[in-house]
Structure formats: structure tokens, C-alpha cells
Amino acid sequence: MMPAGLTDKRLRPLVQEVAEVVGVELVDVVLKGTGRRRVLSITIDSSSGVTLEDCSNVSRQLSAVLDVEDIIPGPYTLEVTSPGIDRPLKTREDFAKSIGKLLRVVSKEKIGKQSFFLGRLFDVTANSILLEEDKKNVEIPFDNISKAQVEIEIR
């Protein structure tokens, strides 16, 4: 398995550069598995939606860069995907793009007496998100968010 620091220090900037050239946003870079079963999973997004061509372009260009740079020793499978409708939210920008949407949020520490929230995001501040849950407002600091994602709504 590749050391975690290598992913952040050398790999992520290369993937970021390829994503910018293709015209998409880099959401996540994850190297998982061991030995011959390793998978380099790249998640991209775009305000106009990710197409199969976007994934293909990132995959093709990134493969060429990784072959030259030889950052990941040994065999691995490259996988380029979109985050999907129920994408995980990780950055302040992710949350800002999701204002008005229904979110599922798990906090690291309890707020009041709960650590699970299902509510509509109505604001994002410098340090927290504000949800409306059951007709009451809940403020969740970014550093207390364990997991958050957009909830799929069927209308």
C-alpha cells in the first residue's frame, strides 16, 4: 500500500492538474487495496454534469502522466467516476453548492442529544452549516462533521 503522505503530496497535485486541463473539478483521490488488487479511484465533478467523455479524457491523460511520473509502484487499476446525485460533501464549497438541498449529516460529537441529522441546508458560514430539521434550525460546525451527503428526494 502506498504511504498516505504520497497520495497527498505528489499524486493529488498531478491529478488536480489533469482535471483542470480537462475542465472538471477534482473531488477525491483514493488509492485502496493492496498488491495486484489496488485501485486508484478518481472522482470528478462539473457544474454542467460529468459526461462519459470527461471521465475518459481524465483517465487517458492521467494514465499518460502517471506512466511518466511512476509515482505508484506496481500494478493498479485506474477508475475515474462522477460523485453521483448523493455525493459526499467534504469542502465548504461542496456545501455552498448544495444550499436548498436535503442533507444527511453525521456529527463526530453530539449536538444536543443527537449525532444524526436530516435537514434542508439553508446557509453556509465560514465555520459551520445551518440546517432546518423538523422546523428548527441546527448549526453544525465543519470540524464536527463526520460525514455528510445530499439525500436523494423523490417528488
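Guide: Before we look at any helix, a residue is called buried when its relative accessible area is under 20%, exposed when over 50%, and partly exposed in between (1.4 Å probe, protein chains only). This is a predicted model, in which local features need pLDDT of at least 70 and side-chain atom pairs count only at pLDDT 80 or more, while totals for chains, interfaces and linings use all residues. Residues are numbered from 1 along each chain as its sequence is written, and side-chain values use heavy atoms, with hydrogens and water left out.

Visitor: OK, so which residues in α2 are buried?

Guide: In α2 the buried residues are D54, C55, N57, V58, L62 and L66; helices (H or I, at least four residues) and strands (E, at least two) are DSSP runs, numbered from the N terminus.

Visitor: Where do those buried residues sit when you look down the axis of α2?

Guide: They fall within an arc of 160 degrees, taken from the directions from the helix axis to the C-beta atoms, so they line one face of the helix. The face turned away from that buried side carries the exposed residues L52, E53, R60, D67 and V68.

Visitor: And what is the reach of α2, first C-alpha to last?

Guide: Helix α2 covers residues 52–69, 18 residues in all, and reaches 25 Å, which is close to the 26 Å expected at 1.5 Å a residue; that expected span is 1.5 Å times one less than the number of residues. After α2 comes D70, whose phi is positive, near 50 degrees.

Visitor: Switching topic, how many salt bridges are there?

Guide: The count comes to 4 salt bridges, each being a side-chain nitrogen of Lys or Arg within 4 Å of a carboxyl oxygen of Asp or Glu. One of them joins E25 and K97, with the closest N and O atoms 2.5 Å apart. This pair links distant parts of the chain, since E25 lies in strand β1 (residues 25–32) and K97 in the loop between α3 and β4 (102–111), 72 residues apart.

Visitor: Are E25 and K97 buried or exposed?

Guide: Neither; E25 counts as partly exposed because its relative accessibility is 25%, and K97 counts as partly exposed at 49%.

Visitor: What does K90 pair with?

Guide: K90 forms a salt bridge with D28, the closest N and O atoms being 2.8 Å apart. Here too distant parts of the chain are linked, with K90 in the loop between β3 and α3 and D28 in strand β1, 62 residues apart. D28 counts as buried because its relative accessibility is 18%.

Visitor: Back to α3 then, what does D94 touch?

Guide: D94, which is in helix α3, touches E25, R87, P88 and L89, not counting residues up to four places away in sequence, where contact means heavy atoms within 4.5 Å. D94 counts as buried because its relative accessibility is 4%. D94 and V65 are 29 residues apart in sequence and 27 Å apart in space, C-alpha to C-alpha.

Visitor: Last one: where is N144, and why does N144 count as buried?

Guide: N144 is in the loop between β7 (136–141) and β8 (145–150), and N144 counts as buried because its relative accessibility is 9%. By the contact rule, and again leaving out residues up to four places away in sequence, N144 touches V106, S107, K108, E109 and I111.
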